[in-house]
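Good morning, and thank you for coming. I should like to take you through one structure, pausing at a few sites in turn.

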Amino acid sequence: QVQLVESGGGLVQPGGSLRLSCVASGSIFSINTMGWYRQAPGKQRELVAATTSDGSTDYADSMKGRFTISRDNAKNTVWLQMNSLKPEDTAVYYCKANVRRLFWQNAVDYWGQGTQVTVSS
């Protein structure tokens, strides 16, 4: 099995910063894309940012310039640095990893349990 564990969420004032972490563990041969998604109450889950194993990154337009995704392949870890946070960034943030458990198997998406980020004064 594969487990993704997120941490770093919490309550922050508008304009503040948070850094989320996600560690993948378990039976892992390789990880392709790792990314962050978020889901606000009453809204669909949306992409925040993603990064491939070779370092390519992709961001949702509303996060460009404020959020930075980074990754350590050796540690199966991905981070999301969030700056200039706004109340509309309030959501549960989920980590997703596209994992190949054995070299002959296709990669499968795994999700973390989510971490709450609340931006409020």
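Over which ring does the charged end of Arg 45 sit? In this model, which is a predicted one, the ring is that of Trp 111, with the charged end of Arg 45 placed 4.6 Å from the ring centre. Arg 45 also lies over the face of Tyr 94, and there the distance to the ring centre is 3.7 Å.

Let me turn to the aromatic rings. A search of the whole structure finds four aromatic pairs. One of them is formed by Phe 29 and Phe 103, a tilted pair with 6.2 Å from centre to centre and 55° between the planes. This pair links distant parts of the chain: Phe 29 belongs to the loop between β3 and β4, Phe 103 belongs to the loop between β9 and β10, and the two are 74 residues apart. Phe 29 and Phe 103 are both exposed. Ring pairs join Phe 29, Phe 103 and Trp 104 into a cluster.

I now move to the strands, beginning with β1, which covers residues 2-7. In a regular strand, side chains alternate between the two faces of the sheet. Along β1, the side chains of Val 2, Leu 4 and Glu 6 point to one face and are buried. Those of Gln 3, Val 5 and Ser 7 point to the other face and are not buried. Strand β1 runs antiparallel to β3, residues 18-26, and six bridges join the two. Within β3, Ser 21 is the bridge partner of Ser 7.

Ser 21 merits a closer look. Is Ser 21 buried or exposed? Its relative accessible area is 17%, and the cut-off for buried is under 20%, so Ser 21 counts as buried. The side chain of Ser 21 makes a polar contact of 3.4 Å with the side chain of Trp 79. Leaving aside residues up to four places away in sequence, Ser 21 touches Val 5, Glu 6, Ser 7, Trp 36, Val 78 and Trp 79.

Strand β3 also brings us to the cysteines. How many disulfides does a search of the whole structure find? The search finds one, and this disulfide joins Cys 22 to Cys 95, with 2.1 Å from S to S. Cys 22 lies in β3 and Cys 95 in β9, residues 91-100, so the pair ties together parts that are 73 residues apart in sequence. The torsion about the S-S bond of Cys 22 and Cys 95 is about -80°, and therefore the disulfide is left-handed. Cys 22 and Cys 95 are both buried.

My last site is Asp 89, which is placed in the loop between β8, residues 77-82, and β9. With a relative accessibility of 1%, Asp 89 counts as buried. What does the side chain of Asp 89 reach at 2.8 Å? The answer is the backbone nitrogen of Lys 86. The side chain of Asp 89 also makes a polar contact, at 2.9 Å, with the side chain of Arg 38. When residues up to four places away in sequence are not counted, Asp 89 touches Arg 38, Arg 66, Phe 67, Ser 84, Val 117 and Val 119.

To close, I would set two sites side by side: the exposed residues Phe 29 and Phe 103, and the buried residues Cys 22 and Cys 95. Thank you for your attention.

How values were computed. Residues numbered from 1 in each chain as written. Predicted model: local features only at pLDDT ≥ 70, side-chain atom pairs only at ≥ 80, totals over all residues. Heavy atoms only, no water. Buried < 20%, exposed > 50% of the residue type's maximum accessible area, 1.4 Å probe, protein only. Helix = DSSP H or I, 4+ residues; strand = E, 2+ residues; numbered from the N terminus. Pairing = 2+ DSSP bridges. Disulfide = S-S within 2.5 Å. Polar contact = N/O pair within 3.5 Å; in protein donor to acceptor, adjacent residues only side chain to side chain. Contact = heavy atoms within 4.5 Å. Phe/Tyr/Trp six-rings, centres within 6.5 Å; stacked < 30°, edge-to-face > 60°. Lys NZ or Arg CZ within 6 Å of the ring centre and 35° of its normal.
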